[in-house]
Amino acid sequence: MATSWLRSVAQKWARTLPMCSQVASFDLVRGMATATHASSTMKVYKPTSPGMRGRVITRRDGLWKGKPWKALTEGMKRIGGRNNAGRTTVWHRGGGHKRVYRKVDFKRQLWDVTGNVERIEYDPNRSARIALVDYGDTHKKAYIIAPDGLKPGDVVQAGPSAGIQLGNALPLSSMPIGTMVHNVEMVPKRGGQLARAAGTYATLLKKGEDGYALIKLSSGEQRKVLNGCMATVGTVSNKNHSNRKLGKAGAKRWLGRRPVVRGVAMNPIDHPHGGGEGKTSGGRPSVTPWGKPTKGKRTRNNPRTDKFIQLSRHKAKRKRG
């Protein structure tokens with residue numbers, strides 16, 4: 001309704017403005033319509049308190065409001081960023097709300113069996129939504145990553161004979177060029193590892209005769225994977241996840257994230273940027289607490305897999321720029 005109203009306003013403007021202004025007005029209205037669509041998928045809180053003022057999250061209206069399917073859950077032990085020796089190996093972790101892990105089927109090895117999507121659920125352990133699929137009396141239910149647009153009652157299937165349909169999983173060799181996929185395997189039967197976060201996807205660019213397919217990731221990276229690797233048709237749900245605003249520091253603590261302290265505010269024993277009389281800038285280029293360069297320094301060092309990356313995301317970004 002809001003979009004149709006905006007269109008009528010644009011038409012009124014077009015009759016009264018010169019041609020150069022008409023183009024600008026249509027661009028403005030198009031931007032307003034895009035913002036209206038984005039706001040329809042986001043929940044804006046009323047400023048009932050300073051913490052709620054400005055808080056924006058993705059809507060959860062159509063999600064399952066009950067508990068998860070118990071047979072597909074298990075307890076999660078909190079580690080708070082510590083390893084088996086009790087030493088902190090990941091900073092700024094700890095606390096947060098208690099969670100239950102949902103076992104998601106990333107492999108999709110139940111071939112040629114149709115399943116009905118029973119419901120779409122919120123998963124606190126990932127940014128994407130998950131779908132509970134019922135495969136009938138002969139097979140157990142399973143959770144899958146919910147693609148954008150999947151609804152309760154839809155039918156999904158896995159296997160080379162499955163159709164190119166939202167939520168179906170097929171080997172890359174069975175898909176046409178240009179298909180947008182997610183939950184892509186890097187090694188056959190290992191389970192999907194690429195394009196699993198909210199709003200991400202990969203595009204199938206080429207199927208080579210050497211047994212490898214070329215896919216393009218959301219970052220711009222072009223990577224070779226085996227033709228036999230499984231992938232699911234569609235893009236990952238909850239694409240507006242990156243537009244959320246937590247609103248207050250406590251919301252970050254609910255997610256298990258602790259405060260980040262600047263190195264220049266520490267003592268010299270704690271950080272290379274620490275110490276000094278009064279306020280200092282650190283006195284050297286930005287480094288990590290262990291002296292490694294930061295602010296964009298590349299640390300990837302895996303010659304074994306370099307041959308599979310046809311175009312790195314850094315070079316792709318330079319091409320776009």
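**Exercise 1.** Which side chain does K224 meet in a salt bridge?

*Solution.* Keep in mind that this is a predicted model.
- Start with the partner: K224 pairs with D210, with N to O at 3.5 Å.
- Check the cut-off: a salt bridge needs the nitrogen within 4 Å of the carboxyl oxygen, so the pair's 3.5 Å qualifies.
- Now place both ends. K224 sits in strand β15 (residues 222-226), while D210 is in the loop between β13 (202-207) and β14 (212-217). The pair links distant parts of the chain, 14 residues apart.
- Finally, look at the surroundings: K224 has 22% relative accessibility and counts as partly exposed.

**Exercise 2.** Work out which parts of the chain the salt bridge between E118 and K141 ties together.

*Solution.*
- First, the contact: the closest N and O atoms of E118 and K141 are 3.0 Å apart.
- Next, the locations: E118 belongs to strand β5 (residues 115-121), and K141 to the loop between β6 (130-134) and β7 (142-145).
- Put those together: the two residues are 23 apart in sequence, so their salt bridge ties together the strand and that loop.
- As for accessibility, E118 comes out at 33%, which makes it partly exposed.

**Exercise 3.** Decide how R300 and D306 should be classed: buried, partly exposed or exposed.

*Solution.*
- The two side chains meet in a salt bridge, 2.3 Å from N to O.
- Buried means under 20% and exposed means over 50%.
- R300 has a relative accessible area of 48%, so R300 is partly exposed.
- D306, at 39%, is partly exposed too.

**Exercise 4.** How many salt bridges does a search of the whole structure find?

*Solution.* The search turns up nine. Among them are E118 with K141, K224 with D210 and R300 with D306.

How values were computed: Residues numbered from 1 in each chain as written. Predicted model: local features only at pLDDT ≥ 70, side-chain atom pairs only at ≥ 80, totals over all residues. Heavy atoms only, no water. Helix = DSSP H or I, 4+ residues; strand = E, 2+ residues; numbered from the N terminus. Buried < 20%, exposed > 50% of the residue type's maximum accessible area, 1.4 Å probe, protein only.
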